[in-house]
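Welcome! Here is a short tour, going from the overall picture down to a single residue.

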Amino acid sequence: MNDYLRVHIDGGRPPGADTVAAVGAVCDAAEDGGARGPVVLELSGTPGSGWAQGMTVGLVSKWERVLRRLERLPAVTVAVADGACGGAALDALLATDLRVATRSLRLRLPALDGVTWPGMALHRLVQQTPGIAAIRRAALFGTPIDAAEALALHLVDEVTDDAAGAAAAAAGLAAGVPGPELAIRRQLLLDAGTVPFEEALGAHLAACDRALRLGAAEPTA
């Protein structure tokens, strides 16, 4: 996977300016067409005590905004999660398209003063799982989610002993998908849970029209 844009996110550190800049740089490259394939995020680490020292609401806002950029990239995003993943690592995992994890995976919301951090990971966990009941203990009490449970909840797509091989396979699967077209379908999926049918119809018709035009423009064999 050497040809792909890659970034490592250490969940053991708070999402500081350097982390925001690293993810932002990958987003810049992908948005400028610099990604020849999927964007690969290598994720590991979970915060310890005192992890939020020096954090500000302004920095949290910048982190959440760059994650939103990641979530909307015109490129496929692949997460490779290993071991304990919390904080910034968990945040990034929940913003990717394809997710591979090792069997040692343990997802956990970080705690601050004895209660879980109320970042947008809470929102994404509810949006991406069968419902509040499925993640209530994790969201309210910081109960870890192990690899088997994460797979059952569809928070990861594959659990493996060969994370590098599985990630390469996932990247290969995604390599033939045009990034801008995937971004359109991803957005339709993200909107499906909240946008009524009547309002969604226009966006879906526009996407269908675009697909038909692109298909008509392709040379026939």
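## Surface and charge

This is a predicted model. The accessible surface of the protein chain comes to about 11,700 Å², and carbon and sulfur atoms hold 57% of that area.

As for charge, the protein chain carries 19 positive and 25 negative side chains. The centres of these two sets are 3 Å apart.

## Overall fold

You will find 9 helices and 9 strands in the protein chain. Measuring tape in hand, so to speak, the C-alpha trace spans about 60 × 45 × 35 Å along its principal axes. The radius of gyration of the protein chain is 18 Å, which agrees with a compact globule, because 221 residues packed that way would give a value near 17 Å.

How much of the protein chain counts as buried? The share is 43% of the 221 residues. Contacts that link distant parts of the sequence are well represented too: taking contacts with a separation of 6 or more, 73% are between residues 24 or more positions apart.

## A look at Glu-181

Now let us zoom in. Glu-181 sits in helix H8, which covers residues 179-192. Is Glu-181 buried or exposed? Glu-181 counts as buried because its relative accessibility is 12%, and the cut-off for buried is under 20%.

Which residues does Glu-181 touch, leaving aside those up to four places away in sequence? They are Arg-210 and Leu-214. With Arg-210 there is also a polar contact, side chain to side chain, at 2.6 Å.

Technical notes. Residues are numbered from 1 along each chain as its sequence is written. This is a predicted model: local features need pLDDT of at least 70, side-chain atom pairs count only at pLDDT 80 or more; totals for chains, interfaces and linings use all residues. Side-chain values use heavy atoms; hydrogens and water are left out. Helices (H or I, at least four residues) and strands (E, at least two) are DSSP runs, numbered from the N terminus. The radius of gyration is taken over C-alpha atoms; the globule rule is 2.2 Å times the number of residues to the power 0.38. Buried means under 20% relative accessible area, exposed over 50%, partly exposed in between (1.4 Å probe, protein chains only). Contact means heavy atoms within 4.5 Å. Accessible areas come from the Shrake-Rupley method with a 1.4 Å probe; for residues, only the protein chains shown count as cover. Lys and Arg count as positive and Asp and Glu as negative; His and the chain ends are not counted. The place of a charge is taken as NZ of Lys, CZ of Arg, CG of Asp or CD of Glu. A polar contact is a pair of N or O atoms within 3.5 Å; within protein, one must be able to donate a hydrogen and the other to accept it, and residues adjacent in sequence count only if both atoms are side-chain atoms.
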